[in-house]
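Here is a quick walk through a predicted model. Have the structure open on your screen and follow along from the inside outwards.

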Amino acid sequence: MELTERVEQWRAAGSTESFRDRQIHVHVREGEGTPLLMLHGFPSSSYDWKPLLELIPDRPVLAFDFLGFGLSDKPRDHNYTLSWQADLTEELAARHRVGEPVYVCAHDLGTSVATELLARDLVGELGFELCGMTIFNGSILVEKSNPTLAQKLLRGPFGPLAARFANEAFFRRQFASIFSGSHPVSDEDVADNWGLLCFNDGNRLGHKLVSYMDERSVYADRWHGAIRRWKGDLRFAWGLEDPVAVPEVLDGLLELRPDLPAVRFDDLGHYPQVEDPERFVRVLEQFM
């Protein structure tokens, strides 16, 4: 499966860096103001941030593809834990934003990596200075979420078989179903994301990558506790038409911390930064 021309341009704008003998696609941009560290979700990649970043060309940014995603390595023998992804995040932040306070914006899978960063910061074990965080549309409270059919199949006993027989038509239906009705995903976006998913046979790894959902239960006390106890600038933004990270997830997070600010997008779905990047970036800039 070839990458689209749009993805190739994104690839050319980034670089490849090594972490623990794995190759990671990294997008670094210099600028003025507080640096943004962007953590993407499942099953996509840092390419999700492209429309948003085009609207803030002067902001310093660090975005990258988690191992197993996008243009990064996709080893078949790897145990894809969120702790490993958090280690990667720490290393890249320390490597590129030496001594600078960093603001994290996290989506979907990235929200659980983000809560692990909060937990580490609470005990003084985070390798960079975290000055604030925006979390949006992530099923952190997994018991309140509504996984897609694809996620259910990949987590089930026939997960490896489901991953092996994944095809573009099924991906298109599943991906389109989590966008809002008023802001549907474009055919171009589907083609871009399918190409990124298939890069280095990543579409055969879904059953391994989706294990992060189990970790959300295993480490619930640690990560929910971090949300309760971290005293920095933590905020939520949420597309309320999200059929996966449903509004009940946001309600549950606010039960953990009723004092935290939250912006609700009534007409946006699971990918507010893609569906309406202008509105999302206005909120993000206000938060920062």
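## Nonpolar cores

Start by clicking on Leu37. Not counting its neighbours within four places in sequence, Leu37 is in contact with Leu62, Phe64, Thr89, Ala93, Val102, Tyr103, Val104, Cys105 and Phe128. Leu37 also belongs to the largest nonpolar core, a set of 56 residues, and is listed with Leu39, Phe64 and Leu253 as having the most contacts inside it. Apart from that core lies another, of 26 residues, including Trp10, Leu53, Tyr103 and Val281.

As a bit of background, nonpolar side chains in soluble globular proteins tend to be buried together.

## One face of helix H14

Val281 turns up again in helix H14, which spans residues 277-287. Which residues of H14 are buried? They are Pro277, Phe280, Val281, Val283, Leu284 and Phe287. Look down the axis of H14 and its buried residues fall within an arc of 160 degrees, so they line one face of the helix.

## The largest pocket

Now for the empty space. The largest pocket has a volume of about 450 Å³. It is lined by 25 residues, and the closest to its centre are Phe42, Pro43, Ala150, Leu154 and Phe171. Several helices chip in: H5 (149-155), H6 (159-164), H7 (168-177), H8 (187-198) and H9 (206-209) each supply at least two residues of the lining. By class, that lining splits into 16 nonpolar residues, eight polar and one charged.

Two of the residues closest to the centre of this pocket, Phe42 and Pro43, deserve a look at their backbone too. The peptide bond from Phe42 to Pro43 is cis, with omega near 5 degrees. Pro43 sits in the loop between strand E3 (36-39) and helix H2.

## The second largest pocket

The second largest pocket comes in at about 250 Å³. It has 18 lining residues, with Tyr47, Pro51, Ser186, Asp189 and Val274 nearest its centre. Helix H2 (50-53), helix H8 and helix H13 (272-275) each give at least two residues to this lining. Which helix supplies the largest share? That is H8, with four residues. H8 also contributes at least two residues to the lining of the largest pocket.

How do the lining residues of this second largest pocket divide by class? There are eight nonpolar, two polar and eight charged.

## Closed cavities

Searching the whole structure turns up three cavities of 30 Å³ or more. The largest cavity holds about 50 Å³ of space. Its lining is made up of Phe69, Tyr80, Thr81, Leu82, Gln85, Leu109, Leu209 and Tyr212. Six of these lining residues are nonpolar and two are polar, with no charged residues.

## Two positive phi angles

Finally, check two backbone spots in loops. Arg20 has a phi near 50 degrees, a positive value in a residue other than glycine. Arg20 lies in the loop between strand E1 (15-19) and strand E2 (22-29).

Asn137 also has a positive phi, about 45 degrees, although it is not a glycine. The loop holding Asn137 runs between strand E6 (129-136) and helix H5.

Are these two residues buried or exposed? Arg20 is partly exposed, with a relative accessible area of 46%, whereas Asn137 counts as buried, at 0% relative accessibility.

Notes. Residues are numbered from 1 along each chain as its sequence is written. This is a predicted model: local features need pLDDT of at least 70, side-chain atom pairs count only at pLDDT 80 or more; totals for chains, interfaces and linings use all residues. Side-chain values use heavy atoms; hydrogens and water are left out. Buried means under 20% relative accessible area, exposed over 50%, partly exposed in between (1.4 Å probe, protein chains only). The arc is that of the directions from the helix axis to the C-beta atoms. A nonpolar core is a set of buried Ala, Val, Leu, Ile, Met, Phe, Trp, Tyr and Cys residues joined through side-chain atoms within 4.5 Å. Contact means heavy atoms within 4.5 Å. On a 1 Å grid over the protein atoms alone, a cavity is a set of points where a 1.4 Å probe fits but cannot get out, and a pocket is an open set with protein on both sides within 12 Å along at least five of seven lines; lining residues have an atom within 4 Å of a point. Grid points are joined across faces, edges and corners, and a volume is the space filled by probe spheres set on the points. Ala, Val, Leu, Ile, Met, Phe, Trp, Tyr, Cys and Pro count as nonpolar, Asp, Glu, Lys and Arg as charged, and the others, Gly among them, as polar.
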